[in-house]
Structures are given as structure tokens and as C-alpha cells.
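Here is a short report on one chain. It moves from the whole fold to single elements.

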Amino acid sequence: MTHSSRGLRRGAVTAVAVGTLAVPIAGGPAFATPASISAGSTSTLRAADPPSPSDSGSTAPGQVQKLTPAVEKELDAAVQKVMREANVPGVTFGVWTSDKGEYVKSFGVADKSTGQKMSPDLHMRIGSETKTFTVTSILKLVDEKKVGLDDPIGKYIDGVPNGDKITIRQLAEMRSGLFNYSEDEDFYKALTSDPERPFTPQQLLDYSFKHPVLFEPGKEFYYCNTNLILLGLVVEKESGRPLDEYIKDNILTPAGMKQTLFPTGNEFPEPHSQGYTNQTASGKTEDSADWNPSWGWAAGAMISTLNDLRIWAPTVATGKFPDGDTMISPATQKQRLITPKTTIPGAGYGLGIFNVQGWIGHNGSLPGYESLTIYLPSAKATLVVVLNTDINHDNSEPSTLVGQAITKIISPSNIFNLPAQPAAQ
């Protein structure tokens, strides 16, 4: 397996269905531990670790702890432990509940060169959380009878391999069988040689379509960014509007998400955090804040803030806007939340959304940035994590490590745990 295939596949299987975007690490293992972490460390973090006896039994399944000062202190210590061991420059997280309190905290730096502190108001790139907005757009068109979930993609887009068989539903639930364009060697060379270059959706599809289909539609789960590029094009064709405009007017504005945007280039509103990645042509850690996210487009280009993601967590999980208006019809939302099992125990994936141990939502990762936005319906609890590196530690995404550390404390019966898998699986 080539180095590009290893690195790009990491972004899919590490997050299972949670879909992250990642570019390949040039040379070396795809899961290399950062050099600043001691190879002889006796304290390690693993996303698949089961809860210890002290972690379980204190909170009923589906419920969360009251956010007392003692619990807040415990959260601080747990997040800082992850930061030290995974070498994370900066983290902001927030926990909000209906009746157990709320807590927001930032640690570390947003800019290593200036020492600017991490803070809750910073704009962050959210990677594959973009998928939740793209699929929501599709589902709104389904409600308007402009798109059918079980229509073949060939009805809307020409030239798709197996386009007469692959349905809109199978694209949204990652069961199309199409090759993931971000695993293509030529794509890797083009992106890493000039990270600020723009890509068109058709260019991304071309990287995918030169490869044979991997399996018959619906037969397997396989996380694939190509699926979302196609869905984004369907939104544009059937709505008659650019994807970024459709998402803004039909989702962001009615949700009150004023600090969230779908960039058309490498624009990045101030204030924002810098991002640190080793997924570079040289393999050295670089600042990726100015990279052009058009290579992720409908699969991963969006930008948001902690507070806007706080709004989005219950909105996408319930299908209702904060004012109570319907975003997605109850019948369509019910279909969205059917989350068949994936290859990872405890994780299911529906229509652009996952369920991990009861937590509903999505995560995101692209060079330099990671995020996690999840909602526990039974407790009406929201957890959002944003951080400014995508460098794995001990085969685990840093956002997963932070999410696991927090949920082991606030919801020990519902721990967010997504184990990394070998790249070849």
C-alpha cells in the first residue's frame, strides 16, 4: 500500500463512520506518534480502553453528571492530560445540559509563534462535520419532493460508475462502493505540492472515477468523500443555487448560526486559530491555516465556532431549529437516524450522521484541525470539542481522545470511543 493510501485511509477508518478528511503523511507510518512524545512513556491514551471501575455506575445510562465544581475540575485535569500526552497545542470544549449545568473551557495556544491563547470565540475549520450540512440539504430537497432517497445518482449526475444502481441513500450512508478520491496517488501529489491551490468538484470526481468500483452498492460500509461531492452537486442542480448559498439560507440563517460559513476559497474569518499538521509533502509539521479546503468541498470545507456548533448539535440530531420550527420532517429525520452497524463495535452510521454509544453527531478532521459535535438525546446534553492539530497519538485521533476523556466523566455509561483501525482494513 502506498504512503498516500495509508494516510488518506486513516481519515476514514480512524473515525469509522465519523468521517474525517485527511491527507497523507509523506514517508513513515500513517499513525506515527509525534516526535515530542516519549517513546518510552508509560502513560498512554487509547480510544478503545474500557471504563475503569471508578468510571462506571455513578450515572444512569443515557444520563450525564451534574457539572459541579468538582466535576469541572476533573474535566480540566482530564483534558489537560490528553493535551500533554498527545502534544495538542490548543483545545476548547463545551458541555451543555438541560438541567445539570454547562461548562466551557479553553487550554493552550491558538498560535505557537505568537503565544496567542486558545479561546471559545475562535473560528475553526470543522472538516467532515460539513457532511452533516450537505446531507441535511439533500434531506430538505427530499421533503420538497425534488430528490428521492432511493433514486439512482445517475438520474441527476452523468458519468458516475454504477450510476444506475447507486442511490442517494447509499451515498449518504457510505455504502456506494465508489473509490474515495482522497486516496488517489495523483490527488495526493497535486494537493501536497500546492496546498493553497483550488480544486473543482469535477476534478475531485475525476480522481475517483478512474478507479473501478470496490463493491456492489449497499453491500458494505466504506467511508468515502466522493459520495459527498456527488450529493453536493445534486443539491446545486435541484435547488438551482450554489451549495454554499443554499446551506447559508436554508440551514445556517434559520438556525441562527451567524459564525459558520462554507468558504469558496481559503478565506478564514478573524479571529481564528492556526492549525498544525504533519500531513505535508515533507512530513514535517506545518501551519495549515491558509490551505485551501476546496479539496474537501461538500465533504469537508466548512468553518464554525464553538457556540455555533453548540447550536448545531441538537438541531441536526432532532431535525428541529432552535425556535422549534421544522428543519427536516419527522418522517425524513427518522430515516436519517437509522444507523446501521459499521465495522467498529458500538458505532453506527446513518444518513450523514453517526451514533457512537448513544451520542449522535459527527466529527471532523482535516490538516491542522479537528472537531467533535455530539448530542445525547436522552439527557439533552451537548458536547463540542475543537482543537488545532490533527496529528494522531497512539493510533487515535486527538479529538476522539478528548471526547472519550470528557464522556468518561460526564456520561460513564455512554463513553464516546472510536478505536483507530489498521489502515488496510
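## The chain as a whole

Among contacts in the chain between residues at least 6 apart in sequence, what percentage join residues at least 24 apart? The figure is 69%. The model is predicted. It holds 12 helices and 11 strands.

The chain has 425 residues, and 62% of them count as buried. Its accessible surface comes to about 15,300 Å². Carbon and sulfur atoms account for 51% of that surface.

## The sheet

Seven strands form an open sheet. Their order is 2-1-11-10-9-8-7, and the pairing is antiparallel. Strand 2 (102–108) and strand 7 (347–349) are the edges, each pairing on one side only. From one strand to the next, the twist averages 15°.

Inside the sheet, strand 1 (residues 90–96) runs antiparallel to strand 11 (residues 381–387). Six bridges join the two. Thr92 stands opposite Val386 of strand 11.

## Helix 12 and the nonpolar core

Which strands does helix 12 (residues 398–410) lie across? They are strand 1, strand 9 (359–366), strand 10 (369–376) and strand 11. The helix runs at about 145° to strand 11.

Nonpolar side chains tend to be buried together in soluble globular proteins. Here, the largest nonpolar core has 117 residues. Ile168 and Ile406 touch the most other members of that core. Leaving aside residues up to four places away in sequence, Ile406 touches Leu75, Val79, Phe93, Val95, Leu383 and Val385.

## Helix 7

Does the length of helix 7 suit its residue count, and what span should its 15 residues (225–239) give? At 1.5 Å a residue they should span 21 Å, and the end C-alpha atoms are 21 Å apart, so the two agree.

Is helix 7 mostly covered or mostly uncovered? It is mostly covered, with 12 of its 15 residues buried. The buried set includes Asn225, Thr226 and Asn227. Leu228, Ile229, Leu230, Leu231, Gly232, Leu233, Val234 and Val235 are buried too, as is Ser239.

These buried residues pack against helix 3 (130–143), helix 4 (168–172), helix 6 (201–209), helix 8 (243–255) and helix 9 (297–300). Just after helix 7, Gly240 takes a positive phi of about 75°.

Key
Residues numbered from 1 in each chain as written. Predicted model: local features only at pLDDT ≥ 70, side-chain atom pairs only at ≥ 80, totals over all residues. Heavy atoms only, no water. Helix = DSSP H or I, 4+ residues; strand = E, 2+ residues; numbered from the N terminus. Expected span 1.5 Å × (residues − 1). Buried < 20%, exposed > 50% of the residue type's maximum accessible area, 1.4 Å probe, protein only. Contact = heavy atoms within 4.5 Å. Pairing = 2+ DSSP bridges. Axes fitted to C-alpha atoms, helices over the stretch in contact; angles between N-to-C directions. Areas by Shrake-Rupley, 256 points an atom, 1.4 Å probe, with all protein chains shown as cover. Core = buried A, V, L, I, M, F, W, Y, C linked by side-chain atoms within 4.5 Å.
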